[in-house]
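Visitor: Hey, got a few minutes to walk me through this one? I'd like to start with how some of the helices pack.

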Amino acid sequence: MKPVEIAKGVYDVGVNDWNIRDFHGYSTYQGTSYNAFLIIDEKIALVDTVKKDFSDQLLANITKIVDPKKIDYVISNHTEMDHSGGLPRVMHRIGEDKPLYCSKMGAKNLARHFSQKWNYHAVGTGQELSLGARTLMFLETRMIHWPDSMFTYLKEDKILFASDGFGQHYAGHEKFDDQIGDEIMWHAKKYFANILLLYSPLILKLLDKVTELGLEIDMICPDHGIIWRKDPGKIISAYAKWANQESEKKAVIIYDTMWQSTEQMAEAIASGLYKEGVNVRPMHLRKCHRSDIMTEVIDARAVIMGSPTLNNGPFPTISDFLTYMKGLKPKNKIGAAFGSYGWSGEAVKLISNELEAMKFDLVDPGIKIQYVPDQEDLNACIEFGKKIGQAVNR
Ligand code: FEO
């Protein structure tokens with residue numbers, strides 16, 4: 001990826017990671033990018049770095065614009081190593097004594113990661129750094145995505161460098177929202193659903209803080225994916241919707257199956273929901289990645305989970321997904337469980353207990369069918385689906 005001038009004297013010097021397919025457990029079918037930004041003024045600032053393996057590409061990109069030794073300040077918005085891994089190489093190249101701006105927690109966390117006595121300058125919300133004609137302002141954004149996270153705002157250009165906020169795991173030659181269109185929203189939703197959903201209350205507070213500070217935003221530059229320049233309000237509105245956990249007339253049926261009995265039940269339940277006008281998606285846990293399923297869960301009103309009973313419990317894939325979903329704290333959901341069994345049949349009850357522990361509203365104690373469902377059983381599943389559908393419509 002070549003440097004791109006995104007505004008006068010402001011460059012994206014980041015890199016594409018075209019081939020990453022697993023980002024600590026999140027499926028990245030279209031790779032990702034590690035964006036970093038160079039601001040040329042009387043003083044030169046670098047905002048964030050890249051994953052360690054891409055440090056040379058970052059430095060090569062910077063060199064196309066300026067000798068890296070001329071960088072005066074480095075800003076670290078976030079310690080996670082996809083953004084800080086390149087810091088040791090960068091600091092070594094530009095000068096270990098150059099001021100490194102980060103949050104207070106960032107200074108602690110960077111020290112824990114790299115054991116370097118860099119020239120840390122811890123900053124808090126509202127603090128500013130003059131670059132000459134232009135000014136950077138810092139905004140602490142704890143837990144978006146780590147305790148050290150912060151945003152950096154370039155006041156005169158109204159550009160928000162938002163670190164993980166508003167990002168998407170997407171590698172492409174497109175650099176801006178207007179170059180890719182609505183396709184990017186699915187990637188942004190997936191990112192939110194799998195990385196930020198549990199921090200929804202903090203995101204709502206952050207959106208209020210941005211309003212309170214009166215920040216005008218012409219461009220949002222996340223550290224992953226495309227830059228929002230045509231319509232930054234679109235992704236801000238989407239974040240408000242996702243963080244408020246607003247749902248649609250939609251259900252997701254998440255299941256695993258041994259001999260297709262639970263799968264037959266899933267399809268019958270789906271047809272019952274469909275008869276009630278609910279948009280329904282059955283998703284097989286060994287065919288759909290958990291991060292794709294969470295992307296569907298985020299705006300679904302109902303989450304229905306199906307499992308055969310294996311060794312007196314749910315399938316391991318079901319337990320895996322329940323653990324994953326529980327950690328992400330989805331709210332305002334209707335829940336229900338179903339499954340086929342042979343002789344003991346504990347899975348449905350155990351899944352229901354887990355959904356209840358997540359404060360899902362259980363509309364039915366669950367439905368279980370021994371061995372293979374006959375037509376009467378499938379009719380019962382259709383009725384079960386209709387019952388959930390009616391609850392969705394209420
Ligand atoms: Fe893209 Fe939390 O790092």
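Guide: Sure, we'll go through two helix pairs, a buried helix face and a loop residue, bearing in mind that this is a predicted model.

Visitor: Let's start with α6 and α10. At what angle do their axes cross?

Guide: Roughly 100°, and the axes come within 8 Å. That crossing makes α6, residues 183–196, roughly perpendicular to α10, which covers residues 290–297.

Visitor: Which residues meet there?

Guide: From α6 you have Trp 186, Lys 189, Lys 190, Ala 193 and Asn 194. On the α10 side they meet Arg 290, Ser 291, Asp 292, Met 294, Thr 295 and Glu 296.

Visitor: And how does that contact divide into nonpolar, polar and charged?

Guide: Three nonpolar, three polar and five charged residues.

Visitor: OK, next pair. Are α11 and α12 roughly parallel or roughly antiparallel?

Guide: Roughly parallel. The axes of α11 (316–328) and α12 (347–357) cross at roughly 5° and come within 11 Å.

Visitor: What's in that contact?

Guide: Ile 318, Leu 322, Met 325 and Lys 326 of α11 meet Ile 351, Glu 354 and Leu 355 of α12. By class that gives five nonpolar and two charged residues, with no polar ones.

Visitor: Switching to α3. Which of its residues are buried?

Guide: In α3, which runs over 87–94, Leu 87, Val 90, Met 91 and Ile 94 are buried. They span an arc of only 95° around the axis, so they sit on the same side of α3.

Visitor: What covers them?

Guide: The cover includes the strands β8 (44–47), β9 (73–75) and β10 (99–102). Helices α1 (55–63), α2 (81–84) and α4 (104–114) are also part of it.

Visitor: What phi does Gly 95 take, just after α3?

Guide: A positive one, about 125°.

Visitor: Now the loop. Where does Gln 245 lie?

Guide: Gln 245 is in the loop between α8 (232–243) and β17 (248–255).

Visitor: Buried or exposed?

Guide: Buried: the relative accessible area of Gln 245 is 5%, and the cut-off for buried is under 20%.

Visitor: What is Gln 245 in contact with, leaving aside neighbours within four places in sequence?

Guide: Leu 197, Ser 200, Lys 329, Pro 330, Lys 331 and Asn 332. With Lys 331 there's a polar detail too: its backbone nitrogen lies 2.6 Å from a polar atom of the Gln 245 side chain.

How values were computed: Residues numbered from 1 in each chain as written. Predicted model: local features only at pLDDT ≥ 70, side-chain atom pairs only at ≥ 80, totals over all residues. Heavy atoms only, no water. Axes fitted to C-alpha atoms, helices over the stretch in contact; angles between N-to-C directions. Helix = DSSP H or I, 4+ residues; strand = E, 2+ residues; numbered from the N terminus. Parallel < 35°, antiparallel > 145°, perpendicular 65-115°, else oblique. Contact = heavy atoms within 4.5 Å. Nonpolar A, V, L, I, M, F, W, Y, C, P; charged D, E, K, R; others polar. Buried < 20%, exposed > 50% of the residue type's maximum accessible area, 1.4 Å probe, protein only. Polar contact = N/O pair within 3.5 Å; in protein donor to acceptor, adjacent residues only side chain to side chain. Arc of directions from axis to C-beta.
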